[in-house]
Amino acid sequence: MKKGYLILLLHAHLPFVRHPEHEYFLEENWLYEAITETYIPLIDAFDRLLNEGCDFRITMTISPPLAAMLADSLLQDRYLSHLNRLIELSGKEIERNRHDDRFRRLAEMYHAKFKNDRYVFEDKYSRNLLTAFKKFQDLGKLDIITCGATHGYLPLMETVPQSVRAQIRVAKEHYESCFGRAPRGIWLPECGYNPGIDEVLAENGIQYFFMETHGILHGSVRPKYGVFAPVYCPSGVAAFSRDMESSKQVWSAEEGYPGDAVYREFYRDIGYDLDFDYIKPYIHPDGIRIGTGIKYYGITGHTNHKELYDPHRAYEKTAEHAGNFMFNREKQVEFLFDHMDRKPLIVAPYDAELFGHWWYEGPQFLEFLLKKIYFDSQIIQLTTGWEYLKEYPRNQVLVPSYSSWGYKGYSEVWLEGSNDWIYRHLHEASHRMHDLAVKYKEVQNGLITRALNQAARELLLAESSDWAFIMKTGTMVPYAQRRTKDHILCFTRLYEDIKNSTIDEGWLSGVEAKDNIFPAIDFRVYV
Amino acid sequence: MSKNLEGLDKIELLEIAKKLRIPNASKLTKPQLISKIKKSQTSSKSPSKTKKPVPRIESPLSVRVRLKARESIEGKPGFVHPYSESAMHAIGPEMHPSPGSGELPSTYGVTKIVLMVRDPYWCYSYWDFSAETMNQINKWFKELDGPRAVLRVYDVTDKIFNGSNANSFFDVDIHFDAKNWYLELGRPDRSFLVDIGVLDKNGFFYLIARSNVVRTPRDVPSDVVDEQWMSRDFELLYAVSGGFKVGQSSAELVESVKKGILFRKWLSSGAVSSRS
């Protein structure tokens, strides 16, 4: 008999970045890089596991903006041309390195990988990777959970509850349109929780969410099992909370796996290293060097000298690290099992893009881990929030504490000198949206309805926590500021136009075509 | 260039270190910095085949993932990567084709004040005034004796506030033009609201607007224990969860249990004092 459970959770999210008005837009690369380096490798790994008869369980957020982008035909086309350029570049690299076997073999590896990506993307899943994730969910291996509609940080919407409701309701409806059933679980954006948010989840039929460790540890009542079992909020929604120890093993400096010397070095990219005229067609059109994804070196050590990357050694290492991770979870579970009157549960959530994008070998690590646990472990079993609650429907009730998984555990990341100016505008727009929704809820006129729906989209896009996060981190700040301002300005114009009956249909059509997220939105979520 | 390094102060050296992408530069002493810079300047000539310096930019996605990585280990040193410290600063030129130029309004012309919780100890408030309010304020400042702009912060824990039944209050001198203020309350698990107004020399408070009520989060374990859900291993599980010392691993705890030092350690930590 197994002694305990593990929930592996990958939070996949990117802000909605789609600029049909520009041929090339740097920030769209966020999506393209994540598809090539994270999403396709994960899909490949899951497909191999299926073929091998491995009955794995994994939980993944696919945030509504990410889902919307993966399903968007413009971005699909653009991703394909991006990928074709990589195939071309890696082909040239094979040629360029023809006299150096070691480099040539690496170039061949990339070339084969990118061609496989094109096969997976275009042929196998007809350009829409959501169909892949849906397949794994329908087979019972993957539990796809939802998120805030635009990853809005909910604790700072305390004074505008209509915005909290819209973030959850719109997310839920969008999930249904993507995956053909209602979401059972949710990843609260940035794990941001304050008491009362669970009630909105309950209204939308969402049965569980995930939170930061101290959200439960500092709850209204001391939790009997610590973080090793979920609790129920008074609304009846279950809260699972993160185990620090398993997080640390993957992330941390001293014990973290991704920093191992044999793994691929992130920063040495041919986009930076090679002759400018040679690489120019594959970097930013303005001649600014960016990473291409082709990297030939290993981490090696804390030195500028880098050894050539050895994929076979790295592969072996992922197996070793997966074994180590499993061993540590087993020890943890065995220890906990002796002190609990039920099977302990370990919840290990990570940003999905850590695996593959940052830690190149991460998806391989996960594949080994899922396989090892299923075939080898006598002690731990993988589960999902849903399956766990079916086995243990009775849980302690408490009110979790306000918390997030951001730096210092509360809201400081999204509320500090660089980004605090946004809230007066977001809140004002939220009040205005509510007023409009109440006033026009019976409206029949098609044009006014379209304007109201677009106003709702603009508000939601402005609320994305990514903008505040980017402002704080100090990279690409003008883009985040611009996005916040532009969405608020668009919203404000729609608000004025609706009020003054001066809606400009041509302009509205343009905005609808650009900010085309949530085509089926109904502005009445703001009533 | 390296000849002159000794003559520079540490801040100037850090600037150079940043450009050379020397990791953890800020943690080095001045002599260490100088030697690193010298080393880096000699080694940096070799590997690159680039003819002329070309602007570069790091993948924005990686910045996001890496910063998340740092943040996700609360109170722990972040993920240290050979280049990560310096790469944080490797920001390329901003390249946004035809950025919009529209600016947001500086006021919405409605008088109000809003209070937001940042963490167990700090709140943030922002306010906005209508034209009429502005006139009224100007009038007060002309007519009143020694007027001061203040935020009056009320502790209204377990109260339905009626204007005079707060548990306590204190005033913070502010500038109305600042339009926002961070308030260090230092009191977790309490309820607060703020009034914005003008205080005169005689202690009369002229109210402009009142905020919403907020509750600061608890920063320690609750004192409440649910008897139905009590067990003998309660404190142990709480500790392994990180309840008393975030980040202690179960391996360490197993050792502690074996040595019988676990409970002593907790009891001396003060974290369970409310139960002793």
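## Chain B, a sheet, a buried leucine and a pocket

In this predicted model, 56% of the chain B contacts with a separation of 6 or more are between residues 24 or more positions apart.

Visitor: How many helices and strands are there in chain B, and what share of its residues is buried?

Guide: Chain B holds 8 helices and 8 strands. Buried here means under 20% relative accessible area. Of the 276 residues in chain B, the buried share is 44%.

Visitor: Which strands of the E1-E2-E5 sheet in chain B stand at the edges?

Guide: The sheet is open, its 3 strands follow the order E1-E2-E5, and the pairing is antiparallel. An edge strand has a single partner, so one of its sides is left without a neighbour in the sheet. In chain B that applies to strand E1 (112-117) and strand E5 (180-184).

Visitor: By what angle are neighbouring strands of this sheet turned against each other on average?

Guide: The angle is taken with direction ignored. On average, neighbouring strands are turned by 20°.

Visitor: Which residue in E5(B) is the bridge partner of B:Trp122?

Guide: Strand E2 of chain B covers residues 122-128. It is joined to E5(B) by 5 bridges, and the two run antiparallel. For B:Trp122, the bridge partner in E5(B) is B:Glu184.

Visitor: Is A:Leu188 buried or exposed?

Guide: A:Leu188 sits in a loop of chain A, between strand E4 (185-187) and helix H7 (197-203). Its relative accessibility is 0%. The cut-off for burial is under 20%. A:Leu188 therefore counts as buried.

Visitor: Which residues is A:Leu188 in contact with, leaving aside neighbours within four places in sequence?

Guide: Contact requires heavy atoms within 4.5 Å. With those sequence neighbours left aside, the partners of A:Leu188 are A:Leu154, A:Tyr193, A:Ile197, A:Leu201 and A:Phe209.

Visitor: What separates the C-alpha atoms of A:Leu188 and A:Lys439?

Guide: Along the chain, A:Leu188 and A:Lys439 are 251 residues apart. Their C-alpha atoms are separated by 30 Å.

Visitor: Which residues lie nearest the centre of the second largest pocket?

Guide: This pocket has a volume of about 720 Å³. Its lining counts 27 residues. Nearest the centre are A:Met109, A:Tyr309, A:Pro311, A:Tyr360 and A:Gln364.

Visitor: Which elements give two or more residues to the lining of the second largest pocket?

Guide: By class, the lining has 12 nonpolar, 5 polar and 10 charged residues. The elements giving two or more are in chain A: helix H1 (29-51), helix H4 (101-124), helix H12 (311-337) and helix H13 (362-376).

Technical notes: Residues numbered from 1 in each chain as written. Chains lettered and ligands numbered in written order. Predicted model: local features only at pLDDT ≥ 70, side-chain atom pairs only at ≥ 80, totals over all residues. Heavy atoms only, no water. 1 Å grid on protein atoms, 1.4 Å probe; cavity = no way out; pocket = protein on both sides within 12 Å on 5 of 7 lines; lining within 4 Å. Points joined across faces, edges and corners; volume = space filled by probe spheres on them. Helix = DSSP H or I, 4+ residues; strand = E, 2+ residues; numbered from the N terminus. Nonpolar A, V, L, I, M, F, W, Y, C, P; charged D, E, K, R; others polar. Pairing = 2+ DSSP bridges. Axes fitted to C-alpha atoms, helices over the stretch in contact; angles between N-to-C directions. Buried < 20%, exposed > 50% of the residue type's maximum accessible area, 1.4 Å probe, protein only.
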